[in-house]
Amino acid sequence: MQLQVARIGKPHGIRGEVTVQVLTDAPEDRFIPGTEFVVEPASVGTLTVDSARWNKDILLLGFEGIETRNQAEALRGAKLFIETEELDEDDDEGWYEHELVGLDVRVGDSVVGKVTGLRTLPVQDLIEVEAPDGKEILIPFVEEIVPEVNVGGKYILVTPPPGLFEINVEDAGEGPGAGDAGQGDAEPGKTEAGDNA
C-alpha cells in the first residue's frame with residue numbers, strides 16, 4: 001500500500017533544497033535522511049532524503065542527486081509516497097488528499113463545486129473547492145462545517161455558515177486570511193489528511 005506523505009513545493013536557495021507540504025502526522029519519523037520515496041509522476045524516479053530541516057513552520061528537504069535550484073524546480077508539484085503495510089485502525093477519523101480530490105461538494109441536495117485539493121495547516125486543514133464558475137473556495141475542514149465525507153458516494157456534505165463562500169472566494173488568492181471563517185471551531189487532528197501511522 002502506498003501512502004502519500006508530502007507534496008513538493010518551490011525550491012529554497014540554490015543548493016537543491018525544496019519546500020514541502022507535509023501530509024503526515026509524524027514528519028519526524030517520515031523524513032529521516034536515507035528514507036526513499038516513491039514519486040508521482042513516476043518519470044522522476046525515486047527520491048532519497050539527504051537532509052531535512054525546519055525553517056519556521058516550513059519543512060525543507062534535500063535529496064540525493066538534487067544539487068541545483070534548476071533540478072529542484074523540476075520536482076515542483078511531485079507527490080511523495082512511502083510503501084507501507086500498515087492499516088490504520090482509526091482510518092475513519094481522517095482522509096488523505098487523493099481520497100478527497102474529485103468529490104462533489106454538496107450543500108443539502110445541491111452540488112456547489114468539486115474538491116481540488118487539501119491544505120494542511122497547523123491550526124486546521126482547508127479543503128480547496130472549485131466552484132462551477134471556476135473560482136477557488138477554501139472551506140475549513142472541521143466537523144461543524146464538513147459533517148460528512150462519503151468517499152464511496154463521491155461527495156462531501158458542507159454546512160457553511162452565512163457568508164463563508166463569499167468571504168473565502170475573495171481571500172482565496174494568497175490566503176493568510178482565507179481560513180479565518182470557522183477557525184475558532186477548529187478541532188486539530190479531528191479530520192487529519194495526514195498519515196496516522
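In what order do the six strands close into a barrel? In this predicted model, the order is β1-β2-β5-β4-β3-β6, and the strands pair in the antiparallel sense. On average, and with direction ignored, neighbouring strands of this sheet are turned by 50 degrees against each other.

Strand β1, which spans residues 2-12, is joined to β6 by five bridges, and the two run antiparallel. Within this pairing, Leu3 has Ile82 of β6 as its bridge partner. Five bridges also join β1 to strand β2 (residues 17-22), again in the antiparallel sense. In that pairing His12 stands opposite Glu17 of β2. The connection between β1 and β2 is a hairpin with four residues between the strands. Gly13, located in this turn, has a positive phi of about 75 degrees.

Strand β6 (residues 79-83) also pairs with strand β3 (residues 36-40); this pairing is antiparallel and comprises three bridges. Here Val39 has Leu80 of β6 as its bridge partner. In the barrel order, β3 stands between β4 and β6.

The loop that leads from α1 (27-30) to β3 contains Thr35. A polar atom of the Thr35 side chain lies 2.7 Å from the backbone oxygen of Ile32. When neighbours within four places in sequence are left aside, Thr35 is in contact with Arg30, Leu47, Thr48 and Val49.

The structure holds one aromatic pair. This pair is formed by Phe31 and Phe37 and is tilted, with a distance of 5.7 Å centre to centre and an angle of 45 degrees between the planes. Both Phe31 and Phe37 are buried. Phe37 falls within the residue range of β3, 36-40.

Further pairings involve strand β7, which covers residues 104-107. Four bridges connect β7 to strand β8 (residues 110-119) in the antiparallel sense. Val107 and Ser110 of β8 are bridge partners in this pairing. A hairpin is formed by β7 and β8, with two residues between them. Gly108 lies in the turn of this hairpin and has a positive phi of about 65 degrees. Strand β7 pairs as well with strand β12 (residues 155-157), in this case in the parallel sense and over three bridges. The bridge partner of Val105 in β12 is Ile156. Strand β7 thus takes part in an antiparallel pairing with β8 and in a parallel pairing with β12.

The confidence of the prediction was examined along the chain. The mean pLDDT of the protein chain is 78, and 76% of the residues score at least 70. Among the elements of the chain, helix α2 (residues 69-73) has the highest mean pLDDT, 95, and helix α4 (residues 164-171) the lowest, 53. Two stretches with pLDDT under 50 are considered here. Over residues 87-92 the pLDDT stays under 50, and the model has six contacts beyond four places in sequence for this stretch. Over residues 167-197 the pLDDT likewise stays under 50, and 76 contacts beyond four places in sequence are present in the model for these residues.

Notes. Residues are numbered from 1 along each chain as its sequence is written. This is a predicted model: local features need pLDDT of at least 70, side-chain atom pairs count only at pLDDT 80 or more; totals for chains, interfaces and linings use all residues. Side-chain values use heavy atoms; hydrogens and water are left out. Two strands pair if DSSP finds at least two bridges between them. Axes are lines fitted to C-alpha atoms, for helices over the stretch in contact, and angles run from 0 to 180 degrees between N-to-C directions. A polar contact is a pair of N or O atoms within 3.5 Å; within protein, one must be able to donate a hydrogen and the other to accept it, and residues adjacent in sequence count only if both atoms are side-chain atoms. Contact means heavy atoms within 4.5 Å. pLDDT is the predictor's confidence in each residue, from 0 to 100. Rings of Phe, Tyr and Trp (its six-membered ring) pair if their centres lie within 6.5 Å; planes under 30 degrees apart count as stacked, over 60 as edge-to-face and the rest as tilted. Buried means under 20% relative accessible area, exposed over 50%, partly exposed in between (1.4 Å probe, protein chains only).
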